[in-house]
Amino acid sequence: MGVSSDYDEGSVISMRREEVNHGSRTGNADLAAMFELAVRRYPARPAVCWDEGSLTYAELGVLARKFACGLRRQGVASGAVVALVGERGPEACAALLGILLAGGAYFPIDPGLPASRIEAMVDDVAPDLTVILPGVEIWDSERGRHVRYADVLGAAESVPGPLVTHGNKSGDIAYVMCTSGSTGRPKAVAVTHRGVARLSIDNGFWEITPEDRVLHASTLSFDASTLELWSAFPNGACVVIVERDVLISPPALAEWISARDVSVVILTTGLFHHLARENPVLFSGVRWLLVAGEALRPEIARRVLPYPEHFINGYGPCEGSCLATTYEIEDALAETVDIPIGTPISDTDCHVLDENFEPVPEGRVGDQIQFPH
């Protein structure tokens, strides 16, 4: 991609590791600072890999900072919301990191969605700028100001000196994402840096290391991408991007995971059921397998249980920053009728409520609440 690997350590935010590790508890959570610290600690380690190439942390840091500089030249100020139209890829990673480095919040849009839904999402969120990623040939929306990814990078070339990052506060918005609309009209949800940071480090359900390689399978506009990217970047792990035709083919995915030493796999329950029925052995060698999105079928989970080192059932709405509770499935519980959603992850509280949204007494079953459309 023609990016220099030289990274100016003097231009990064100075932050002690303990401030990043416990940011969600101390109130100092800043995803941009967490990423920049990873660049300083792991400059030569791979940050993003795809079939045609890879970027080290130093290279991705340079690209993200250049993108942030370009956004500033485009008039993007701290607190701005920047829409990002396109598919997962190295450019998408650099762009969303650049948006955070510029002090903004990213708003991912899947260009494959129906035009009417895209227009409704854009109307609801009203982004300050829309960036079109490579691969999106046509963008029909006339709403707001939009610019191509390459033009943002091009605008940064004449910016003198390093970008001065103002720093994000834990309560600042990191991204805006629209819900699926399963309970009615899709709605925009604003997620804070603090909400994402609790997924990254000391989260209580897994530990990601610089040696891990995390499967990046989700579209950017689906909240599972948050867990994929932000499990990896603050920890120096590698994001490994898979193509859709490989992802939905059990034999192809098994070969792909093995060849690329993927150690962390996050899947929607529906996709997991499809893959596990056909080839449960494809999860052999995976260190962490996390499945979330709907009720996990015990008979399918039991088939997979012997293969990954750790197998986790997760639950969480988009409004809860992707994940709220987790449950590790173990041999002793393999014959249970229902697989629990588990207990709250770190820095997360869960409450059982009645039909009036009031806490219920201990031992009483809560009510399923149907929200009005």
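## Close-up views of a predicted model

**View 1. Strand 1 and strand 2 make a hairpin, with two residues lying between the two strands.** In this predicted model, the two strands run antiparallel and are joined by four bridges, strand 2 comprising residues 53-56. One of the residue pairs to look for is Pro 46 with Thr 56, the latter being its bridge partner in strand 2. Strand 1 also pairs with strand 10, here in the parallel sense and over two bridges, and Cys 49 has Val 240 of strand 10 as its bridge partner. Strand 1 is mostly covered, since four of its five residues are classed as buried.

**View 2. Ala 44 sits in the loop that lies between helix 3 (31-41) and strand 1 (46-50).** Ala 44 counts as exposed because its relative accessibility is 67%, whereas strand 1, which follows this loop, is mostly covered. A C-alpha to C-alpha separation of 9.1 Å is found between Ala 44 and Leu 55, two residues that are 11 positions apart along the chain.

**View 3. Helix 4 spans residues 57-73 and is 17 residues in length.** From its first C-alpha to its last the helix reaches 24 Å, which is close to the 24 Å expected at 1.5 Å a residue. Of these 17 residues, 13 are buried, and helix 4 is accordingly described as mostly covered. Gly 75 follows the helix and has a positive phi, near 90 degrees.

**View 4. The largest nonpolar core has 73 residues, and Val 131, Trp 206, Trp 230 and Phe 233 are those with the most contacts inside it.** Helix 5, made up of residues 90-101, gives the most to this core, contributing nine residues. When residues up to four places away in sequence are not counted, Phe 233 touches Phe 35, Ala 38, Ala 47, Val 48, Tyr 57, Leu 60, Cys 93, Leu 97 and Val 239. A second core, separate from this one, has 33 residues, among them Leu 253, Ala 254, Ala 276 and Val 291.

**View 5. Helix 11, residues 250-259, has a buried set consisting of Pro 250, Leu 253, Ala 254, Trp 256 and Ile 257.** Seen down the axis of helix 11, the buried residues fall within an arc of 170 degrees, so they line one face of the helix. The general geometry is that an α-helix has 3.6 residues a turn, so residues three or four places apart point the same way. On the face of helix 11 that is turned away from the buried side are the exposed residues Pro 251, Glu 255, Ser 258 and Ala 259. The elements that cover the buried residues include strand 9 (213-216), strand 10 (238-241), helix 10 (244-247), strand 11 (264-268) and helix 12 (269-278). Two of the buried residues of this helix, Leu 253 and Ala 254, are also included in the second core of 33 residues.

**View 6. Asp 261 and Phe 357 each have a positive phi although neither is a glycine.** Asp 261 follows helix 11 and is placed in the loop between that helix and strand 11, with a phi of about 55 degrees. Asp 261 counts as exposed because its relative accessibility is 56%. Phe 357, for which phi is about 65 degrees, lies in the segment after strand 15 (343-344). With a relative accessible area of 43%, Phe 357 is partly exposed.

**View 7. The whole protein has 13 helices and 15 strands, and its confidence varies along the chain, with a mean pLDDT of 85 and values under 50 over residues 1-26.** A pLDDT of 70 or more is reached by 84% of the residues. For residues 1-26 the model has 58 contacts beyond four places in sequence. The pLDDT is also below 50 over residues 159-164, a stretch with 11 contacts in the model beyond near neighbours in sequence. Of the 373 residues of the protein, 54% count as buried. Among contacts with a separation of 6 or more, 64% are accounted for by residues that are 24 or more positions apart.

Key. Residues are numbered from 1 along each chain as its sequence is written. This is a predicted model: local features need pLDDT of at least 70, side-chain atom pairs count only at pLDDT 80 or more; totals for chains, interfaces and linings use all residues. Side-chain values use heavy atoms; hydrogens and water are left out. Buried means under 20% relative accessible area, exposed over 50%, partly exposed in between (1.4 Å probe, protein chains only). pLDDT is the predictor's confidence in each residue, from 0 to 100. Contact means heavy atoms within 4.5 Å. The arc is that of the directions from the helix axis to the C-beta atoms. The expected span of a helix is 1.5 Å times one less than its number of residues. A nonpolar core is a set of buried Ala, Val, Leu, Ile, Met, Phe, Trp, Tyr and Cys residues joined through side-chain atoms within 4.5 Å. Two strands pair if DSSP finds at least two bridges between them.
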